[in-house]
Amino acid sequence: MPRRLAVLGSPIHHSRSPRIHAAAYAVLGLDWSYEAIERTEPELEGFLGSRGDEWLGFSLTMPLKSEGRRIARELDPVAVESGVVNTLRKLPEGAWAGYNTDVAGLAAAIRKAELDVTSTWVIGSGATAVSAIMAARSLGARHVEVVARNVQAVSDLVARFGGEGRGLHMSGTPLERASASLRSASRPTLVISTLPGPAAATIALSGELMQVPLFDVAYDPWPSPLAERWRAAGGVATPGTEMLVEQALVQVRIFTSGDPELPLDREEAVLAAMRAAV
C-alpha cells in the first residue's frame with residue numbers, strides 16, 4: 001500500500017518540507033507521498049482521527065506542537081521532557097506516537113556550523129526556545145540566558161531547566177533589558193533566535209551583542225530581518241535551513257523504522273539529497 005505523509009500547520013504555504021522529504025524517499029526507493037496541509041489547533045485532533053491506514057505520519061509546525069503533545073498516546077523521552085511534539089507516527093491500533101526532532105536537528109546544525117555553545121543566549125520563550133535550551137545543553141553549554149518579552153515564560157523556563165544538580169546554569173532577562181544585561185554579565189559565545197522572522201525585525205539589540213555569532217532558526221526569507229541587522233552590524237548569522245534538514249532526517253528515520261536514532265541505509269546520500277532540495 002502506498003504510504004502518505006504530510007506537514008501540518010498554519011500558515012503552511014511557505015514550507016519546504018515536502019520537497020525535502022520527497023528527496024529523501026526518492027533516494028531510499030520508497031513510493032511515498034508527502035504534502036503540506038493547512039490545519040489549526042482546533043482542527044488537528046479531528047483531522048488525525050479521520051485518516052485512513054494509508055497515512056503513516058505527520059510533521060507538525062506552528063501552532064500545533066503543544067497540541068500534538070496532548071494528542072500523542074506514546075512519547076519519546078525528548079518529547080516528554082520538552083513537552084513539544086513535532087512528529088507523529090501512527091501506531092498499529094490507530095493512535096499516535098509523538099516525537100521531538102527539533103532538539104536533535106538544532107544540535108546537529110550547531111555542531112556542523114562549529115559554533116561555541118558554552119554561554120548561549122536564547123531569544124524567545126516558546127516551543128522552539130525549549131528545544132534550543134535542550135540542544136545547547138546536549139552540546140555542553142554551561143550557561144543559558146533566556147531573553148524574551150514574556151517575563152513569566154522566561155521565569156518558568158529558568159526554573160524548569162536550571163537549579164542545583166541539573167548541570168546547567170540558567171538565567172533570564174526581559175527583552176527590553178537585554179542590552180543592560182550584556183553590559184553587566186560576561187559576553188555570550190552564541191545567540192540563538194527562536195523568533196519568527198517578522199517578530200525579530202524591530203527588537204532592540206545592542207551592536208555589541210550583534211558581534212556574537214547568531215544562529216537564526218528562521219530561514220524563509222533569508223536573510224531574515226534579524227540576520228540582515230546582524231550582518232549590517234558586522235556580525236555572522238547562520239540560517240535555520242540546516243536545522244530544518246537535520247530534524248527532517250530524524251523524522252525520516254522515525255517514519256521508516258520508528259526509531260529516531262537508527263541510521264538510514266545510505267544516510268549520507270539521503271542527507272545530501274535533502275540539502276540539495278532546500
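I take a salt bridge to be a side-chain nitrogen of Lys or Arg within 4 Å of a carboxyl oxygen of Asp or Glu. The model I looked at is predicted.

**Entry 1: the network**

With that rule I counted 11 salt bridges. I then looked up which residues form a network, and found Lys112, Glu242, Glu246 and Arg275 linked by salt bridges. Within this group I checked the pair Glu242 and Arg275, whose side chains meet at 2.8 Å, N to O. I placed Glu242 in helix H10 (residues 241-257) and Arg275 in helix H11 (residues 267-277), so this pair ties together parts 33 residues apart in sequence. For Arg275 I noted a relative accessibility of 33%, which counts as partly exposed.

**Entry 2: Glu45 and Arg70**

I next looked up Glu45 and Arg70, whose side chains form a salt bridge with an N to O distance of 2.7 Å. Glu45 belongs to helix H2 (residues 41-49) and Arg70 to helix H3 (residues 65-71); the two are 25 residues apart, and the pair links distant parts of the chain. Are these side chains buried or exposed? I found neither extreme: Glu45 is partly exposed at 44% relative accessible area, and Arg70 is partly exposed at 49%. The cut-offs I used are under 20% for buried and over 50% for exposed.

**Entry 3: Arg137 and Glu81**

I found another salt bridge between the side chains of Arg137 and Glu81, at 2.8 Å from N to O. Arg137 sits in helix H6 and Glu81 in helix H4 (residues 77-82), and this pair also links distant parts of the chain, 56 residues apart. I recorded 29% relative accessibility for Arg137 and 34% relative accessible area for Glu81. Arg137 is therefore partly exposed, and Glu81 is partly exposed as well.

**Entry 4: H5 against H6**

Having met H6 through Arg137, I looked up how helix H5 (residues 102-112) packs with helix H6 (residues 127-138). How do the two axes cross? I found that they come within 8 Å and cross at roughly 55 degrees. An angle from 65 to 115 degrees would count as roughly perpendicular and one under 35 as roughly parallel, so I entered H5 and H6 as oblique to each other. The crossing of H5 past H6 is right-handed.

I then listed the residues in contact. On H5 they are Asp102, Val103, Leu106 and Ala107; on H6 they are Ser131, Ala132, Met134, Ala135 and Ser138. Sorted by class, I have 6 nonpolar, 2 polar and 1 charged residues in this contact.

Notes:
Residues numbered from 1 in each chain as written. Predicted model: local features only at pLDDT ≥ 70, side-chain atom pairs only at ≥ 80, totals over all residues. Heavy atoms only, no water. Axes fitted to C-alpha atoms, helices over the stretch in contact; angles between N-to-C directions. Helix = DSSP H or I, 4+ residues; strand = E, 2+ residues; numbered from the N terminus. Parallel < 35°, antiparallel > 145°, perpendicular 65-115°, else oblique. Left-handed = near helix turned anticlockwise from the far one by under 90°. Contact = heavy atoms within 4.5 Å. Nonpolar A, V, L, I, M, F, W, Y, C, P; charged D, E, K, R; others polar. Buried < 20%, exposed > 50% of the residue type's maximum accessible area, 1.4 Å probe, protein only.
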